[in-house]
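Dear colleague,

Please find below the structure that I am handing over to you. I should be grateful if you would keep it open while reading the notes that follow.

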Amino acid sequence: RRPLYEPGRGICRTVFLFESAITACWQAPSSRTPPTRCCTAALAAQALCARKRWRGVATPASRRSTGREIAMRLLVITLEYDAFPFSGNGVYAQSLVRGLEQQDDVVVDVVCGSPEHDEEACNSRALVKIQLPRWCSLDGACSHREFRDEAIKRLDALYEGGHPKPDLVLCVDWHAQPIGAHLRWAMGGLAMVYLNFRVFSRGRPGGFLACQEFRSVDQAWLTLALSESDAALLRAFKEDADVRVLLPPLRRDLEVRARDRAPEERDFLTCVVRLSEEKEPARFVRLVERLAKRGAFDEGLIPVLVTGRAELDGRAELVERFLATHPSAQAFPFQTPDGLAALYARTRLNVHPPRYDAFGMSIVEAAAFGAPTVFPPGADVGAKRILSFRGDDAFFELDLD
């Protein structure tokens with residue numbers, strides 16, 4: 001029952017925090033290699049205070065004082081953020097912003113999208129929030145053009161009206177690149193960091209998404225990926241690009257709950273994924289069907305599927321098939337931090353079905369509550385890099401088919 005991912009101890013806590021994006025950007029050009037042991041919030045703060053400028057980075061006169069010293073202003077552009085998030089990308093983006101906002105001398109502005117819901121139902125903290133006609137998608141079918149056009153229009157109006165300009169732009173995934181490129185041109189040399197949360201062109205070279213991701217890598221001063229395999233694909237776009245792997249930290253709200261959680265009976269076989277093709281949820285359903293035939297759920301073990309609310313409300317075919325496997329089977333929408341804590345505390349084994357996932361935050365979250373994860377053989381998942389420091393007790397591979 002001990003945590004398999006202990007965020008307060010050792011390398012799991014000290015390596016690969018999001019703040020190192022800023023640390024790297026403000027190092028001297030001659031020392032662009034990031035620290036190899038730790039990149040904690042304190043180290044990031046020191047780097048921010050030093051403000052060693054990279055040649056070519058514009059330094060707007062709009063830095064404002066916080067009462068302690070001159071603040072660095074960052075602009076984070078992300079299609080998915082805190083307005084009805086539907087994937088791990090929105091969770092990652094929120095973690096990024098929270099981590100940066102913890103620095104005393106950092107001011108963060110956010111540009112994000114949101115679905116066309118009632119404005120009062122959305123409690124986003126973003127500086128610019130753009131309602132989009134298509135939601136729950138991040139690939140070429142999403143509303144990236146509407147996001148681009150409206151974001152550029154509203155940011156231009158803001159900055160022309162006197163809003164403080166950013167020192168650095170962090171662009172999350174390919175949707176943000178055209179906006180960052182426009183600001184870079186408009187502000188004369190503004191540096192851009194490309195945060196790749198997933199290589200959307202994987203397996204589809206030469207298409208629209210590959211073109212967009214090439215542009216993102218080509219125009220970025222620094223590119224950060226979530227796994228070595230993603231980084232290799234991004235380097236292939238441009239041989240001399242500075243592409244590094246930066247693993248996100250455990251969410252602070254779950255870290256606190258993991259430390260304070262009392263032991264509970266572990267009776268869940270859990271899977272937390274969206275019902276999308278790349279997440280391969282059908283593999284988990286097939287596994288549960290076979291286990292049910294063997295009587296695995298007749299003595300207290302409970303299969304649990306956690307997925308998007310839209311799939312549950314629409315009673316997707318795969319959800320119906322899962323619920324029919326055994327009377328004890330349960331399906332829930334994605335949970336709040338309290339709900340996730342209760343879920344993982346009762347999880348005996350977490351199943352992560354895709355053979356590829358850029359990171360897989362649910363794996364780290366489950367490990368924080370002492371639940372190991374099983375992968376298909378040879379699964380390419382970024383979170384395995386963090387858990388590998390624990391030895392062989394945090395995850396294992398098994399032929400789930």
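R198 is buried, as its relative accessible area is 18% and the cut-off for this class is under 20%. Please bear in mind that this value, like the others in this message, comes from a predicted model.

Which residue forms a salt bridge with R198? The partner is E278, and the closest N and O atoms of the two are 3.5 Å apart. E278 is partly exposed, with a relative accessible area of 30%. R198 belongs to the loop between β5 and α7, whereas E278 belongs to the loop between β8 (268-272) and α10 (281-293); the pair therefore ties together parts that are 80 residues apart in sequence.

A second pair is formed by R257 and D338, whose side chains meet in a salt bridge with an N to O distance of 2.6 Å. Here distant parts of the chain are linked: R257 is in helix α9 (residues 252-260) and D338 in helix α13 (residues 337-345), 81 residues apart. R257 counts as partly exposed at 27% relative accessibility, and D338 is also partly exposed, with a relative accessible area of 49%.

A third pair consists of E101 and R125, with a salt bridge of 3.6 Å from N to O between their side chains. Because E101 lies in helix α4 (residues 88-101) and R125 in the loop between β2 (106-115) and β3 (128-132), this contact ties together parts that are 24 residues apart in sequence. Are these two residues buried or exposed? E101 is partly exposed, at a relative accessible area of 32%, while R125 counts as exposed, at 59%.

Salt bridges can also join into a network, and one such network links E280, R283, R286, R355 and D401. How many salt bridges does a search of the whole structure find? The search finds 24.

Finally, I would draw your attention to helix α8, which spans residues 228-237. Its buried residues are S229, D230, A231 and L234. What covers these buried residues of α8? The cover includes the strands β5 (191-195), β6 (222-225), β7 (243-245), β12 (356-357) and β14 (380-381), together with the helix α7 (208-219). You may wish to look again at β5 and α7 here, since the loop between them holds R198.

Yours sincerely,

A colleague

Technical notes. Residues are numbered from 1 along each chain as its sequence is written. This is a predicted model: local features need pLDDT of at least 70, side-chain atom pairs count only at pLDDT 80 or more; totals for chains, interfaces and linings use all residues. Side-chain values use heavy atoms; hydrogens and water are left out. Buried means under 20% relative accessible area, exposed over 50%, partly exposed in between (1.4 Å probe, protein chains only). Helices (H or I, at least four residues) and strands (E, at least two) are DSSP runs, numbered from the N terminus. Contact means heavy atoms within 4.5 Å. A salt bridge is a side-chain nitrogen of Lys or Arg within 4 Å of a carboxyl oxygen of Asp or Glu.
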